[in-house]
Amino acid sequence: MARILVRLNEALVSEPIVSEVILENKVLVAILAAHINSKGGEIILEVLDDDVDKLVSAFRQKGVTVTVPKIIAVDTDRCFSCGSCVALCPVEAITVTEDLTIHFSKEKCVGSACNLCVDTCPVRAINSTKYSKPENLSNRNEYREK
Amino acid sequence: MSKHDQKTRSLADINQKILKGTAQVLTAEEMKKLVESSGVEVAFKEVDVVTTGTFGAMCASGAVINLGHADPPIKIQRAWLNDVEVCHPGAAVDLFIGATNACEKKPFEYGGGHVIQDLVAGNEVELRATAYGTDCYPRTSVKTTITKDDLNQFQLLNFRNGYQRYNCAINCSDETIYTYMSKLLPHMRNATFSGAGELAPLMNDPDYETIGFGTKIFLGGGQGYIIGEGTQHSPKNLNGTLMVKGDAKNMSPEFLQGAAFTRYGTSLYVGLGIPIPILNEGLVRKTAIRDTEIFTDVIDYSVMRRDKPKLCRVSYAELKSGAISVNGKRVRVSSLSSLKMAKKVAQTLKNWINEGQFTLTAPIEQLPLDTVFKPMRQTQEIPFVSNVMHPAVTCMEHEEIRAIAERIVTKSVNHIVVINADGKLLGIVTSWDITRAMAEGKKALVDIETRKVITAKPDEPLESASKRMAYHSISALPVIDSEHKVLGIVTSEDVSKLLGR
């Protein structure tokens, strides 16, 4: 499974674009999170690996901005399982196991479209390649759950 | 009375057993389970020592180092280790590395805590120092690299560690804040807490019966000692702290880790473990304390004042469950200290005692039970938002842009606050927004107003409101109360008039 981030501008936000793309391409898509208002929207979709290229070009043909979020990597040697990232994760991809180790699920993580956990790690064990410096992170870059 | 019915045992007996390898040692976690399953009497008979542990960010940590003399010698005035300015407390070549001192090149990423960890790990650290030069210490600068082996002394010296318990932090405001309690999302979207709860050393001996001046402890993976109560020690409300020291040359980088908190600064995670000798049944009951019996306050960290509102009380059991309930809302909560490492500290200390490497000491003096943590005496008032705010010029959402433009001119202001019939904040519109609306031919206020408004509270320091304006590149903040009712407005002009910027 792969995740793609779809960004709709003000003009496109009232159009049923996701439904159109699904019907026209006959693909299965899971909507993991969506944040939409009258000014535009962001939707995170989970799709089959083989469908990524087809979907990205289908969305782009309709004038939608599509990005395939970068993967968040956790340096497990560095992580000492404080857990400060756990409650920040909007999709509960970070959990505490029975022996109190922090477990990071690559499958659940929505990637650099969210990034909420990255700058909270006190030993900088969480990285996405998109933002190399935490100073680049501001409220505006944060993915907000509706 | 036969020996088996005795209700006390001595520290000397325990130490003899440790040296013979026959002492019964349990971690705090194991002790609680034993007392629950078998009762106090059995636990007293069976257990000699309980080991506790915690592993948290402890900002009031540091290290004293002695460099030895250079040739020609230097009496250091200012010094840096890996570009982190360190303190020169006196004499010629003694330095104090404070954990929160920041690196000049990457201030929020590397600091004194990381320097200490690097030294403990055996890494080379760059030293730069300057001086004014005297007849006895002629040199005015020095640059070299050092490792811990080059140092005469390398003593971890922490003036406040091992908090008995700590606050749970939450953010009720509209904006993300970055604190020493880590990142707090707006509208109570997350909470953080610190401390090991039922595993924490002082929580297992809250009357300081066995923990006192001179107690030998696990510190940073090596041995250390308690040298007194910590600063801000406040035992009456269960906020006791410890001052500790230990030879950092024998410590381990696993149990002393530099940390960086975004937009707050650096710190040091410290592993601290204390053995509690089970001298009587009272200590069995004390070490049986559970997370359900340890409470702390949920505090709103968005209020930028010394006294922050307490929203509710929660137990460490609730905190460790991953979610708490605040004003009827479920809030997910994260630990900042590592409970996994806290258990490892207690287990390592248990192993040392079992192997006969670590014996227990009786305190030579008790920790104080009656000190209070006073606020600072202040002889100068600082300005708050309420001191400079003035009434806001407002409008309603249905008004025409032309009417609003007129108001901007007649009232000679740049910001009009959009409110509803109850006087609650809906948005803000600036003279620039009006100009743009004219250029683009827009007629409705809803098309041009800013809905996500950055606001100020009346009791907030003016300086923090000013910083927020600069950060968001805006020139005014509507002042609102807790119900979002508009009380007034504060502008960058007000700030510069008063603060002279």
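Begin in this predicted model by selecting helix α11 of chain B together with the elements its buried residues pack against, namely α8 (385–388), β30 (476–480), β31 (486–491) and α12 (492–499) of chain B. Within α11(B), which spans residues 462–472, colour Leu462(B), Ala465(B) and Ser466(B), since these are the buried residues of the helix. Viewed down the axis, these three cover an arc of only 100°, which puts them on the same side of α11(B). Then step just past the end of the helix to Ser473(B), where the backbone takes a positive phi of about 50°.

Next, zoom out to chain B as a whole, whose C-alpha atoms fill a box of roughly 95 × 70 × 40 Å when it is taken along the principal axes. With a cartoon display you can follow twelve helices and 31 strands through this chain. Of the 501 residues in chain B, 45% are buried, and if you consider contacts between residues at least 6 apart in sequence, 68% of these join residues at least 24 apart.

From there, select the four strands of chain B that make up an open sheet, which reads in the order β6-β5-β8-β9 with antiparallel pairing. The edges are formed by β6 (84–86) and β9 (141–146) of chain B, each of which pairs on one side only, and the twist of this sheet averages 25° from one strand to the next. For a look at the pairing in detail, show β5 (residues 78–81) and β8 (residues 125–130) of chain B, which run antiparallel and are joined by four bridges. One residue pair to label here is Trp80(B) with its bridge partner in β8(B), Arg128(B).

Now move to where the two chains meet, selecting the 25 residues of chain B that are in contact with 19 residues of chain A. On the chain B side, the elements that each supply at least two residues are β13 (182–184), β14 (191–193), β19 (256–261), β25 (329–335) and α7 (339–354). If you colour this side of chain B by residue class, you will find ten nonpolar, ten polar and five charged residues.

Cross over to chain A and colour it by domain, with domain 1 covering residues 2–67 and domain 2 covering residues 72–141 in the domain assignment. The C-alpha centres of these two domains of chain A lie 25 Å apart, and the contact between the domains takes five residues from domain 1 and five residues from domain 2. On the domain 1 side of this contact, β1 (2–8) and β2 (29–37) of chain A are the elements that give two or more residues, and the residues on that side divide into four nonpolar, no polar and one charged.

Finally, select the open sheet of four strands in chain A, which has the order β2-β3-β1-β4 and antiparallel pairing. Because β2 and β4 (65–67) of chain A stand at the edges with a single partner strand each, one side of each is left without a neighbour in the sheet. The twist here averages 15° from one strand to the next. Between β1(A) and β4(A), which run antiparallel, look for three bridges, and label Val6(A) with its bridge partner in β4(A), Val66(A). To end the tour, add helix α2 (residues 52–61) of chain A, which lies across β1, β3 (40–47) and β4 of chain A and runs at about 0° to β1(A).

Conventions
Residues numbered from 1 in each chain as written. Chains lettered and ligands numbered in written order. Predicted model: local features only at pLDDT ≥ 70, side-chain atom pairs only at ≥ 80, totals over all residues. Domains from an automatic or database assignment. Contact = placed C-beta atoms within 7 Å. Nonpolar A, V, L, I, M, F, W, Y, C, P; charged D, E, K, R; others polar. Buried ≥ 20, exposed ≤ 12 C-beta atoms within 10 Å, placed from the backbone. Arc of directions from axis to C-beta. Pairing = 2+ DSSP bridges. Axes fitted to C-alpha atoms, helices over the stretch in contact; angles between N-to-C directions.
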